[in-house]
Structures are given as structure tokens and as C-alpha cells.
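Trainee: Before we talk about labels, could you show me the model, so that each term can be set against its definition?

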Amino acid sequence: MDASHISLPPELRTALQAQDGQPLQIWDDENQKVYLLIEETDFCPIDDDFIRRGLQEALDDEARGDYGPLDMEEIKREGRRILALRQSQPKE
């Protein structure tokens, strides 16, 4: 089925608007699954090539000795910084 032929019901459209651009979790009672609905422009596909590139970068860092202990607070700060940057950029 082509996604361009699926229309959102009003209830779902309202829920998406309330999310202010954030992903929307949708619970399906019939099959007991949760789906994630996100705007296509915000979607970054995580495919095999994406994973391979990330792993190769990590291996290259390790080979150069460019690594250290994980600092969870620093990771959280960086995540918040990236989120704030994305939210401050004008929507297309």
C-alpha cells in the first residue's frame, strides 16, 4: 500500500499537532503493538550502511586511542544541546 493513499483521521491529526513536531506513539489494541509516527522530514533512516559507518568511526577512534570513560551527564548535556539546536531551526 502506498503511504500517499492513507489519510489521517481527525483524532490522530490532533494528537500529532499536540506533539509539537515530536514523534507520536500509537498503541494498537488489535495487535497489542506500539507504533511510532514521525514526520518524514525528521526521519533519519537507520539502515545497515548507517550502522556500518557508525561502527567504523568507533573502531577508527579506538585505533587512534581517542576514547575514554562514558560520562552520562555529558552525554545527556550533548543530547539536550542537539535537541535545542534542532528545535530552534525553522521548520520547512
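Mentor: What follows goes through the salt bridges, the exposure classes and a surface patch in turn. This is a predicted model, in which local features need pLDDT of at least 70 and side-chain atom pairs count only at pLDDT 80 or more, while totals for chains, interfaces and linings use all residues. Residues are numbered from 1 along each chain as its sequence is written, and side-chain values use heavy atoms, with hydrogens and water left out.

Trainee: Why is the contact between Arg 52 and Asp 49 called a salt bridge?

Mentor: The term requires a side-chain nitrogen of Lys or Arg within 4 Å of a carboxyl oxygen of Asp or Glu. For Arg 52 and Asp 49 the N to O distance is 3.4 Å, so the pair satisfies that definition. The structure holds five salt bridges.

Trainee: How do you know that Arg 52 and Asp 49 are separated by about one helical turn?

Mentor: Both belong to helix H2, residues 48-64, and they are three residues apart there, which means a separation of about one turn. Helices (H or I, at least four residues) and strands (E, at least two) are DSSP runs, numbered from the N terminus.

Trainee: What makes Arg 52 exposed and Asp 49 partly exposed?

Mentor: Buried means under 20% relative accessible area, exposed over 50%, and partly exposed in between, with a 1.4 Å probe and protein chains only. Arg 52 has 52% and is therefore exposed, whereas Asp 49, with 44%, is partly exposed.

Trainee: How do you know that Arg 64 and Asp 61 meet in a salt bridge, and where do they lie?

Mentor: Their N to O distance is 2.4 Å, and both lie in helix H2, three residues apart. Arg 64 counts as exposed at 56% relative accessibility, while Asp 61 is partly exposed at 27%.

Trainee: Which helix holds Arg 81 and Glu 78?

Mentor: Helix H3, residues 72-88, holds both, again three residues apart, and their side chains meet in a salt bridge at 2.7 Å, N to O. Arg 81, at 45%, counts as partly exposed, as does Glu 78 at 31%.

Trainee: Why are Ile 46, Phe 50, Ile 51 and Leu 55 called a nonpolar patch?

Mentor: Patch residues have over 30% relative accessible area and no salt bridge, and nonpolar side chains (Val, Leu, Ile, Met, Phe, Trp, Tyr) are joined within 5 Å, like charges within 9 Å. These four form such a patch on the surface, with about 390 Å² of accessible area together, a value from the Shrake-Rupley method with a 1.4 Å probe. One of them, Ile 46, is exposed at 61% and is found in the loop between strand E2 (33-37) and H2.
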